[in-house]
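Colleague: Could you take me through one part of this model up close, and then show me how it sits in the rest? I'd like the salt bridges first, then the packing.

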Amino acid sequence: MEKSNSFYQLKLILIYALKELKKNYKKISSIIFTLFISLFILSVILTIEDSLKKELNDNAKELLGGDLEIDYNRNQGNLDLINQVKEFTTISTMIEFSTMFSTTNRKKNKSLFTRIKTVDEKYPLYGKVIYEPADAYERMQREPKTILINESLSKTLDIKINEIVKIQDQQFTVIGKIKSVPDVSGFVAFGDWVLTGKQTLEILKLNGIGSFLNYEYKVKFNKDDNPEIIEKKIKNIFKDDQKVKIRYPENSASGLKRIIGNFSQFLSLVSISAMLIAGIGIANTLLSFINQNNMSIAVRKALGFFSGDIKKLYYFQLFILLFIITVFAYSSSLFIVPLADKYLSSNFGLNINFSFSFFNFFKIFLVGLLVLVIFAIPTISSIDQVKASSLFRNVFQNLKFYYSKKLIAISIIMLSILILTFTYGSENLNYSLGYFGAFFICLIIFFLVSKLIIFSFKKLRLSSNISLKVSIKNITQTKSITPITIMSLGLGVTLLLTLALVGTNFKREIAKSIPDIAPDYFFVGIQKEEKKKFEEGVLSMDPGAKIEIVPMVSSGIVKINGVNPDSYIKPDNDSYWVIESERRSSWTKKVPEDNLIVDGEWWDLSRPNRLQISLDAKVAKDFNIYLGDIFTLNIYGREIEGEIVNFRQVDYRDLNINFAMLFNPDFAINMPHEYLATAKFERLDQFDEIKMLKIFPSLSMIKIADYLNKVTNVLNKVFIAVTIISAVTIVIGLIVISSAIIVQGKVREYQNLVFKILGFSKKEIILSSLIEFIIIFKSVIIIAVFFGIIGSKFIIEDIFELFWEFDLKVLFYLGFSVGLVTLVLILFTNIKYLNPKVYPLIRNQ
Amino acid sequence: MVSRQIIIILIIKLLFMSTLLKLKKVNLKYQTGKDNISVLKNINLTTKKKETISIVGESGSGKTSLIMLIGGLERPTSGKIFFQDEEITKLTEDEVSKIRKKNIGIIFQSFYLIPNYTALENVALILELNKFKNSEKQAKSLLDRFGLKHRFNNLPSQLSGGEQQRVAIARAIAMKPELILADEPTGNLDTENSNMISKILFRYVKEEGSSLIMVTHDLKLANRSTRKIKIKDGKIK
């Protein structure tokens, strides 16, 4: 009986919830809008991230180019061992290198430092190469001195099919264009590259360091073989070879996965900010909605409804609303996938498809539900404050957010689940947790500021100015909404300023010209005997050119304090690149000008026979290295032990010669080495790359401007994503700000009506609103600027690893614009309350 | 003989009492949807200073609308309204507000106190608006006079209906206005409170020499006024 009663009651509440929702959906349109936008962003991010990861996992073998990859880096490797593997598998040999690529037969020929990928007839072992015209790929394998170029290179140098080009000093014919290759994981995903047959290698002059050579052997297992047994067998064959690295499909595209993971983590965090800010807006709008229904709640209570039933009625409405919005938001996000696919396939050769994921739908619904419930709890609980007796007194107080100990505990539990949902499985747990920490610290600080403002203005007894008095009274009055206004406005403005500062810093990085101290060119691969000739060659074209030449040797870190670093340093370590493959190192007598020593001493000249190493301080920190630690380096096949004697502050972004490791010259001078040079020209137009290539065919010339262009292109794409998501968050922030005003709308309307009856002029009423805004905004902006600076500095420097610059002008301009927009928005939202019509109000209409 | 003398004195007094308010051919119409509702039709009314007038009539006859027009809270559709010989229908909203804040006090059936202001703040507000020095002291003395000494710091929601109306009256008379407009001031109150409020109002009008125009259904209260006006279907009968 009891059961059927409660079922009947629930059914009744559900029916009324649907009825009420049908009637009230226009009044809560801002809840619907903010909830939809924030859930839509979240859906888009999750759907695209999921589709991308699915694509990478499904095509792991294609992306790697085989069932496994044997990587010898700069050396051809042990061919005996490779041949042993060949006996029970199929192997495709691939050699990648970078060298100069030039146009011919033009008035002004152009050249470009380009990546060349040479493949054998077995390539690709998995997947397809897509190219045009139809027989181009087969011709490339068959005919010597033929190449295929990618779309980007074709556009950069404006090269047509059948055009004759030069790689180093050798002529080749471009016989086709590559649309995509399957094994993009280890290959350059963007930029300019060439595909050619393995015979090309024999024609060109390549050197280990300058050509950035890379030998890879892709392995395909026979159909009937057990992959696990074959993997073990191969591992066993290479067990004593320290130079080899074996990669598996599950590790393929790890770099790409990391980029996707990092970027989607950043976007997810911004989207959860949007969600949380939207939550404040929802709480505000809901409170205003309940305030409007104050009398009907009182009537229901007078009729005998329990407070709990009325609260259930509101929760049901929210639940139904959330379900409908989640369905719409998630479905709409699926339509974004084809757009993303178009972009990804043209830029990265990746194809993504949309597919419904119940897990993602549930996650989005759960996040929406948690945010909604966390912010609805204090609002809907305020229904307890409505007294049926108000009907007799005809006095309806504005309701206030209500928290009891139990409600606070429930909110904290829900918040923890929300944070867990976002941090669990995220690329960088510390960033996510730090972000949530910062978000709530901001919230608490803004709350404390609001309390401080109320406290200090309460103590203040001043002025005969009535508008000032009214505004101070509005701020300090009992049940004032100043705290919620300051918190909503504060968080909105903080996020807005942070994203705007991130955006402007991005923009500056994109628009920035090459740093003044940066050279115009990098020259790689200058042989010992060519050094003098090289200098003469450059100076003959521009006698005012400033050339810096440093020796360069290739070395790999085999052990750190006797332990293989691969065994404990993971690929997610920021400095993993230092141990990933062989690095170029140099030596110098004096401390480089822009590489200050932060710890230790420069070379100990009394020990010339001992290898001393100067290490990048960041690498030392990331690897937990101390002064006196021992590195075992592999230099041209010889293992040499060196002691870490000092740490240097290295900033690779100044585009000058920077090395992670420097050696003491007394010891290093005897190592076989090449030279690396930079040149800054007085008259750049006098420098002729083509002429230089004629003298030094194997020389690699990297023009800084070209390199920066490539970086700029990538940054531009990131900037677009940041701008879009910032714009959406800003819109949500503004809705929240106006919702905070709407909360007090009814009270303000009533108050202004009484003021009008008492004889206040319109000017006095508007002025009091203005003064109130100025008092609140002034305190909000100071703190928001502070948080905005810290937040944007962290994002720009630590996440995107770019230069962050403090720009007072931009900050002032942004602060002023934000203030102005907010003020206009406040006045616009307030306008109907500033000059209320007396008749309808007095008549209770 | 005595009564004749009194009548003559009264007539002379009335003749010499200057005009406070004059309404000339005033009409008020409201548009609701497509319908045009005529609320007040061709109202002509003149009141003298220190006069007490009761407006009676059925619900929806236009009593409250008339009070709102007189208080400058609404503009007539046509016609003219003069307050102390100044045509307020010609003035801007702010200029009317200026007249109202100094010369007109309004009392409502539903009190219209500011819910977040204490009793003291509600009364002090009008004094502060008129730049009175010691506004709080004066507000306190007014509330004290109406027996609300113990209620200075209470919010309206913490006061009884009678107490709220006494605060509203204190606020309305704080500026010692020439004219007090009251819209069913005892409409929401019990008999005891009604008697108290009417006593307070009439005593104040007599002591301070203000005029009172009051809308009421209460015939006993209406009979205490010097003049009674009946409105029916928007017209003065």
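Modeller: Sure. Chain A has 28 helices and 20 strands, and keep in mind that this is a predicted model. Of the 845 residues in chain A, 53% are buried. Among chain A contacts with a separation of 6 or more, 82% are between residues 24 or more positions apart. The surface that chain A exposes comes to about 39,500 Å², and carbon and sulfur atoms supply 60% of that.

Now the salt bridges. Searching the whole structure turns up 26 of them over all chains. The one to zoom in on is Asp71(A) with Arg247(A), where the closest N and O atoms sit 2.8 Å apart. Asp71(A) is in strand β1 (residues 68–73) of chain A and Arg247(A) is in strand β10 (residues 245–247) of chain A, so this pair ties together parts that are 176 residues apart in sequence. How do the two ends fare for cover? Asp71(A) is buried, at 7% relative accessible area, whereas Arg247(A) is partly exposed at 26%. The pair also belongs to a network: Glu69(A), Asp71(A), Glu216(A), Lys218(A) and Arg247(A) are linked by salt bridges.

Another one worth a look is Asp384(A) with Lys311(A), with 3.1 Å from N to O. This bridge links distant parts of the chain too: Asp384(A) is in the loop between α13 (358–380) and α14 (390–393) of chain A, while Lys311(A) is in helix α11 (residues 307–334) of chain A, 73 residues apart. Here the acid is the partly exposed end, with Asp384(A) at 30% relative accessibility. Lys311(A), at 19%, counts as buried, and that call rests on the cut-off for buried being under 20%.

For a local bridge, go to chain B. Lys140(B) and Glu136(B) meet at 3.8 Å, N to O; the limit for calling a salt bridge is 4 Å. Both residues lie in helix α5 (residues 135–145) of chain B, 4 residues apart, or about one turn of the helix. Lys140(B) is partly exposed at 33% relative accessible area, and Glu136(B) is partly exposed as well, at 40%.

On to the packing, back in chain A. Put helix α16 (residues 429–459) on screen. With 31 residues at 1.5 Å a residue, α16 of chain A should span 45 Å, and its end C-alpha atoms are indeed 45 Å apart, so expectation and model agree. Which of its residues are buried? They are Ser432(A), Phe436(A), Phe439(A), Cys442(A), Phe446(A), Val449(A), Ser450(A), Ile453(A), Ile454(A) and Phe457(A).

Stay on Phe446(A) for a moment. Leaving out residues up to four places away in sequence, Phe446(A) touches Ile486(A), Met487(A), Gly490(A), Leu491(A), Thr494(A), Val780(A), Ile783(A), Ala784(A) and Phe787(A). Phe446(A) is also one of the residues with the most contacts inside the largest nonpolar core, alongside Ile272(A) and Val493(A); that core has 105 residues. Helix α9 (residues 254–292) of chain A gives the largest share of this core, 17 residues. At least three core residues come from each of domain 1 (1–46 + 256–339 + 351–427) and domain 3 (452–517 + 706–845) of chain A.

There's a second, separate core of 84 residues, which includes Leu20(B), Ile106(B), Phe111(B) and Met175(B). That takes us to chain B as a whole, which has 8 helices and 10 strands. Of its 237 residues, 53% count as buried. For chain B contacts with a separation of 6 or more, residues 24 or more positions apart make up 71%. Chain B exposes about 11,700 Å², with 50% supplied by carbon and sulfur atoms.

One last stop in chain B is helix α2 (residues 63–70), which is mostly covered, with 8 of its 8 residues buried. Those are Lys63(B), Thr64(B), Ser65(B), Leu66(B), Ile67(B), Met68(B), Leu69(B) and Ile70(B), so you'll find a lysine in that buried list by the under 20% criterion. Just after α2(B), Gly72(B) takes a positive phi of about 75°.

Methods. Residues numbered from 1 in each chain as written. Chains lettered and ligands numbered in written order. Predicted model: local features only at pLDDT ≥ 70, side-chain atom pairs only at ≥ 80, totals over all residues. Heavy atoms only, no water. Salt bridge = Lys/Arg side-chain N within 4 Å of Asp/Glu carboxyl O. Helix = DSSP H or I, 4+ residues; strand = E, 2+ residues; numbered from the N terminus. Buried < 20%, exposed > 50% of the residue type's maximum accessible area, 1.4 Å probe, protein only. Core = buried A, V, L, I, M, F, W, Y, C linked by side-chain atoms within 4.5 Å. Domains from an automatic or database assignment. Contact = heavy atoms within 4.5 Å. Areas by Shrake-Rupley, 256 points an atom, 1.4 Å probe, with all protein chains shown as cover. Expected span 1.5 Å × (residues − 1).
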